[in-house]
Structures are given as structure tokens and as C-alpha cells.
Amino acid sequence: MTTTNEIADKIATDHSLTKAQGKVVVEAVIAAITAAAVAGNETSLPGFGKFKVKATPEREARNPATGATIKVAAAKKLAFTPAKALKDALNK
């Protein structure tokens, strides 16, 4: 697993920044994607992929322990669709 700190360290090393500056860059990118998602907008990163907000409708589900039917509320989720370049890199 790669963490935010590891990504920040890599950016800092590759671009002659301090680790603190690298972390600020990573956090700014995450904040920008989050702000776009909250606003309901799609974020596209060419060569990497797209982040889209998708609405899931209300639905009925069954409690496996009791068998009782419950309603699951409608919600929004953030979906990621990888770009072709990323898919190709994964499948080399």
C-alpha cells in the first residue's frame, strides 16, 4: 500500500522540494478533487482517469440475521474510471 506521505516524499524527491512542500501539493490535489466531487462535478486527469459522482437510488435490502426487509437510503458515491493509458500500463 502506498500512503499519502509516501506519495509526498516521491514528489518532493523528484522535484527538489521539502517533504512538507510535497505533502502540501498532495493535499491540495486531494482537496481539489474533493471540492469538485462535493459540487457534483467530474474531475478528469488525462492519462490517469476520471472521478465522477454517481447517485445510488433508495433500495430494499434484507438483514441476513433476521430476514427482515430494510430500506437503504439513497446516497452519492465517488466512482473512478481508469484511463486507457493506465489500464494498458497495468496489463503490460
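# A tour from the largest pocket outward

Start by selecting V29, I30, I33, T34, L45, F48 and F51, the residues that line the largest pocket. The model is predicted, and the pocket holds about 190 Å³ of space. Colour the lining by class: 6 residues are nonpolar, 1 is polar and none is charged. Helix α2 supplies 4 of the lining residues, the largest share.

**Helix α2 and the sheet beneath the selection**

Now show α2 in full, residues 19-38. This helix lies across β1, β2 and β5, and its direction makes an angle of about 140° with β1. Those 3 strands are the next selection: they form an open sheet with the order β1-β2-β5 and antiparallel pairing. The edges are taken by β1 (43-45) and β5 (75-82), each of which has a single partner strand, so one side of each has no neighbour in the sheet. Looking across the sheet, neighbouring strands are turned against each other by 25° on average, with direction ignored.

Turn on backbone hydrogen bonds at this point, since strands of a sheet pair through them, in either a parallel or an antiparallel arrangement. Between β2 (residues 49-56) and β5 there are 8 bridges, in the antiparallel sense. To find one place in this pairing, select G49, which stands opposite P82 in β5.

**T43, in strand β1**

Move to T43, which belongs to β1. Is T43 buried or exposed? Its relative accessibility is 14%, and buried means under 20%, so T43 counts as buried. Display its contacts: leaving out residues up to four places away in sequence, T43 touches I33, A36, G49, K50 and F51. Two of these names may be highlighted already, as I33 and F51 are among the residues lining the largest pocket.

**A55, in strand β2**

Next, follow β2 to A55. With 67% relative accessibility, A55 counts as exposed, whereas T43 in the neighbouring strand counts as buried. Which residues does A55 contact, apart from those within four places in sequence? They are A75 and K76. Both fall in β5, which spans 75-82. For a distance check, draw a line from the C-alpha of A55 to that of G40: the separation is 10 Å, with the two positions 15 residues apart along the chain numbering.

**The hairpin of β3 and β4**

Leave the three-stranded sheet and select β3 (59-62) and β4 (69-72). These two strands run antiparallel and are joined by 4 bridges. R62 in this hairpin stands opposite T69 in β4. There are 6 residues between the strands, and G67 takes a positive phi near 80°.

In the loop between β3 and β4, pick A65. A65 counts as exposed, because its relative accessibility is 71%. Then add K92 to the view: A65 and K92 are 27 residues apart in sequence, and their C-alpha atoms are 44 Å apart in space.

**S16, before helix α2**

For the last stop, go back to the loop between α1 (4-14) and α2, and select S16. What is the backbone angle phi of S16? It is near 50°, a positive value in a residue other than glycine. Most residues other than glycine have a negative phi. S16 has a relative accessible area of 71%, so S16 is exposed. From here the chain leads into α2, residues 19-38, the helix that gives the largest pocket the largest share of its lining.

Notes: Residues are numbered from 1 along each chain as its sequence is written. This is a predicted model: local features need pLDDT of at least 70, side-chain atom pairs count only at pLDDT 80 or more; totals for chains, interfaces and linings use all residues. Side-chain values use heavy atoms; hydrogens and water are left out. Two strands pair if DSSP finds at least two bridges between them. Axes are lines fitted to C-alpha atoms, for helices over the stretch in contact, and angles run from 0 to 180 degrees between N-to-C directions. Contact means heavy atoms within 4.5 Å. Buried means under 20% relative accessible area, exposed over 50%, partly exposed in between (1.4 Å probe, protein chains only). On a 1 Å grid over the protein atoms alone, a cavity is a set of points where a 1.4 Å probe fits but cannot get out, and a pocket is an open set with protein on both sides within 12 Å along at least five of seven lines; lining residues have an atom within 4 Å of a point. Grid points are joined across faces, edges and corners, and a volume is the space filled by probe spheres set on the points. Ala, Val, Leu, Ile, Met, Phe, Trp, Tyr, Cys and Pro count as nonpolar, Asp, Glu, Lys and Arg as charged, and the others, Gly among them, as polar.
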